[in-house]
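Here is a friendly walk through a structure you may be meeting for the first time. Have a look around, then read on for a few spots to stop at.

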Amino acid sequence: MAKVTAFPPLVPFPEAAWREHIVPEEWEACLDAWLALAGAHLSLSNADFARVSAEDESLPAFLTSYAEQTGLSHDKTPSGNVHKTRQLRKQSFLLSHRLLNTDHPPGSLLRWEFLAHLSKIYGKDHGNKVVTLVWKRHLPSLESSLAAIKTYLIKELDTGLKGDLRTAESELKRLDHLLHSSPEVAAFFMAGSDFVDSLISCYKLMNPPLRNTIISTLYLCLIGLTEGEKPNFSALVDQLYSLKAAAEAHKAGPTNVNDSLVAELVTETPILKQVQQRIEASGSGSSRAKSVLTSLGGFRKAGGSSRPQRLIKRKINKGKGVAFEVDGYTSVHVHRMSLVSQVQDLFPDLGSGFVVKLLDEYGDDVEQVISHLLEGSLPAHLESADRSAELPSPSQLTGDPAPNLAPHSTPPQLPTRHNIFDDDEFDQLAIDTSKLHFGQRNPEKTADDILRDRSTAPNKAAILSALAAFDSDDDERDDTYDVADVGGTVDSAAPGNNPEEDKTSTDVRDAQDEALFRAYRATPNVFDRDAATRRGKARLALKEEIGMTDEAIEGWGLMLSRDGRQMKRLEAKFSTFTGTQKELAPTSWRASPQGSGTEDSDVDGNRNDRGRGGRLRGTPRGRGRGRGNVAGPSGERDTEMARRGKEANKGSRANHNRRDQRARKMARGGFPG
């Protein structure tokens with residue numbers, strides 16, 4: 001067999017913007033070429049691989065570009081053939097692992113960025129294998145790369161608002177994947193207190209996205225100290241003690257005690273619970289560690305999102321669901337895909353199919369899913385499931401979605417709208433082309449030219465004859481309320497629509513009111529509401545005269561007695577005063593004879609009926625010669641004189657005299673005399 005000397009170079013993996021402009025056929029050809037060359041490199045022996053593949057400069061360029069672009073678009077559905085995409089992903093991992101296992105791997109593969117992308121794409125288990133391999137065989141190169149990014153982050157975070165916080169945030173997010181996969185890298189960043197102090201200092205800035213990233217980074221660094229072959233619990237306790245001191249210093253300051261990194265860390269993450277469990281499981285627990293954990297627990301915010309593990313009742317599969325299903329999945333709603341992307345932001349190694357199973361298990365509660373993933377408390381059937389399972393793409397869904405749907409006839413179509421232009425010259429394509437034009441018919445003509453053109457103007461003689469026949473003095477009849485204009489006939493039977501009947505009914509009512517009023521003035525008792533009155537001759541005669549019932553007559557009398565204004569109107573309307581007066585009654589007051597006076601002449605019939613002070617009982621109080629009463633009817637002379645006298649003498653009597661007399665009495669000490 002001939003010795004292999006070289007392979008064709010591999011083209012770097014294109015960016016997402018470029019991939020969108022590549023047609024599917026060309027993308028399939030690119031996948032085939034990459035798979036063929038990657039398979040050829042992997043098929044070489046160790047000696048040939050070290051001689052050919054390790055010296056191929058296009059191979060590390062392809063691997064770094066593939067890891068970077070795939071890590072950026074890891075949350076998106078892969079384009080093209082899913083099987084070929086997964087195969088290329090697998091071969092890229094094998095090529096990276098084999099190149100890193102050589103004595104002199106390319107320097108671009110030993111940088112922390114490449115290892116972080118691999119950890120994001122392939123998850124914690126596979127990423128840990130690669131990082132552990134580099135840590136053991138090429139530690140100096142990796143430490144120099146990690147030291148550079150650690151120094152850069154400390155400088156930018158300490159600078160605060162003057163630094164490039166956007167770049168620092170993106171670098172921390174990328175570093176989190178590497179911290180999650182490698183406990184050695186977490187221990188490297190936790191060596192010393194500079195990195196933790198910079199995180200605490202930068203957390204004071206009010207930048208919510210950056211704050212969340214800082215909490216995630218600090219949590220992964222602390223948890224990384226409890227993992228690996230030899231957990232470093234002593235360094236962990238030292239770091240927790242420094243966090244406690246920072247929290248106490250923040251509490252003593254003027255700012256809010258809950259607005260600190262430590263309070264948010266112990267409230268929003270299960271750091272204290274996991275550290276305590278792992279310390280107890282290792283058997284290296286100490287009183288110092290317990291006291292520090294207890295002190296940090298006191299900084300937990302009230303009402304924080306502590307997530308106690310609870311039993312979840314699983315739904316029993318009753319065999320109900322959509323008939324069409326492929327590998328247990330149907331089309332996923334866009335809201336469900338947003339929940340999947342939230343989980344994959346923290347756990348990029350999980351496939352979308354496995355995340356959907358987690359969401360089904362915990363009722364689409366993303367916080368529950370993340371909490372159980374961090375605590376490692378998933379049920380047994382999910383622990384044993386394939387964590388890299390992906391949802392099938394729509395192109396893979398084949399089959400009849402409704403196999404039992406019976407065919408039916410085409411439903412009737414909606415009616416077609418018609419108008420007056422149907423089947424005209426345009427529809428029949430029979431119009432003369434000379435009549436067709438776009439825009440103006442004669443665009444070269446101006447308005448003056450069109451006005452001067454009299455070919456289409458109306459005949460002047462016809463206009464003058466029409467004006468001569470028009471009579472400007474002839475008023476048109478007002479047909480506003482005609483039946484045709486109103487839209488219906490006028491109901492003459494309704495009240496108010498027949499003037500003749502209205503006049504007749506008015507006359508009848510006036511005659512009835514006149515008869516009732518005269519009867520009321522003559523004998524008011526005829527309107528009483530009792531059986532004797534109703535059977536009396538006066539009531540019967542009144543009923544025969546006006547033709548009304550007993551209830552109507554009694555109601556008329558009752559309303560008249562209550563309404564004084566109605567009484568005045570009827571008096572003015574039916575009064576028989578002609579202007580002549582036969583007798584003029586005296587208006588002056590006279591005493592009634594002894595024993596023959598009325599109820600208001602008791603003063604004359606009983607001379608001894610005097611009250612206290614010689615005043616006759618029943619007479620109004622007051623002084624003077626006037627006989628009027630201020631409470632008398634308005635308009636009378638005596639009443640007006642009494643009112644004027646009261647107003648004139650008010651200041652010298654009444655409360656004023658009583659007030660002065662009381663003052664004199666109190667001046668004498670309350671004793672009379």
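Leaving aside its neighbours within four places in sequence, which residues is Lys150 in contact with? The answer is Phe188, Phe189, Ala191 and Phe195. Keep in mind as we go that this is a predicted model.

**Lys150 and Ile149**

Lys150 sits in helix α7, which covers residues 139-159. It's a charged residue that is buried, and yet Lys150 has no salt bridge. The nearest side chain of opposite charge belongs to Asp194, and that one is 6.5 Å away. A salt bridge needs the side-chain nitrogen within 4 Å of a carboxyl oxygen.

Next door, Ile149 is also part of helix α7. With a relative accessible area of 7%, Ile149 is buried. If you skip residues up to four places away in sequence, Ile149 touches Trp112, Glu171 and Phe189. Phe189 turns up on the contact list of Lys150 too. You can also check how Ile149 stands to Ala168: 19 residues separate them in sequence, and their C-alpha atoms are 9.8 Å apart in space.

**Another buried charge**

Arg19 tells a similar kind of story. This residue belongs to helix α1, residues 16-19. Arg19 is buried but has no salt bridge, and the nearest side chain of opposite charge, Glu20, is 7.6 Å away. So what does Arg19 contact, leaving aside its neighbours within four places in sequence? Look for Phe13, Pro14, Trp27, Gln69 and Ser73.

**The whole chain**

Time to zoom out. The chain has 673 residues, and 32% of them count as buried. As for secondary structure, there are 30 helices and zero strands. The accessible surface adds up to about 45,300 Å², with 52% of that belonging to carbon and sulfur atoms. Take the contacts between residues at least 6 apart in sequence: 66% of them join residues at least 24 apart.

**Salt bridges**

How many salt bridges does a search of the whole structure find? It comes to 22. Here are a few of them, with the spacing between N and O atoms.

| Salt bridge | N to O distance |
|---|---|
| Asp32 and Lys84 | 2.8 Å |
| Lys173 and Glu169 | 3.5 Å |
| Asp563 and Arg569 | 4.0 Å |

Start with Asp32 and Lys84, whose side chains meet in a salt bridge. Asp32 is in helix α2 (residues 24-42) and Lys84 in helix α5 (residues 82-100), so this pair ties together parts that are 52 residues apart in sequence. Asp32 has 37% relative accessibility, which makes it partly exposed.

Lys173 and Glu169 form their salt bridge inside one helix: both lie in helix α8 (residues 165-181), four residues apart, or about one turn. Are these two buried or exposed? Lys173 is partly exposed, at a relative accessible area of 43%, whereas Glu169 counts as buried at 13% relative accessibility.

Then there's the salt bridge between Asp563 and Arg569. Asp563 is partly exposed at 26% relative accessibility, and Arg569 is partly exposed as well, at 47%. Salt bridges can also share partners, and that is how Arg534, Arg539, Lys543, Asp550 and Glu554 are joined into one network.

**Two patches on the surface**

Finally, look at the outside. Where does positive charge gather in a patch on the surface? Find Arg662, Arg664, Lys665 and Arg668. Of these, Lys665 is in helix α30, which runs over residues 655-667. Its relative accessibility is 42%, so Lys665 counts as partly exposed.

The other patch is nonpolar, made by Ile463, Leu464 and Leu467, and it covers about 300 Å² of surface. Ile463 has its place in helix α21, residues 460-468. With a relative accessible area of 41%, Ile463 is partly exposed.

Notes
Residues numbered from 1 in each chain as written. Predicted model: local features only at pLDDT ≥ 70, side-chain atom pairs only at ≥ 80, totals over all residues. Heavy atoms only, no water. Patch = residues over 30% accessible without salt bridge, like charges linked within 9 Å, V, L, I, M, F, W, Y side chains within 5 Å. Areas by Shrake-Rupley, 256 points an atom, 1.4 Å probe, with all protein chains shown as cover. Lys, Arg positive; Asp, Glu negative; His and termini not counted. Charge placed at Lys NZ, Arg CZ, Asp CG, Glu CD. Helix = DSSP H or I, 4+ residues; strand = E, 2+ residues; numbered from the N terminus. Buried < 20%, exposed > 50% of the residue type's maximum accessible area, 1.4 Å probe, protein only. Contact = heavy atoms within 4.5 Å.
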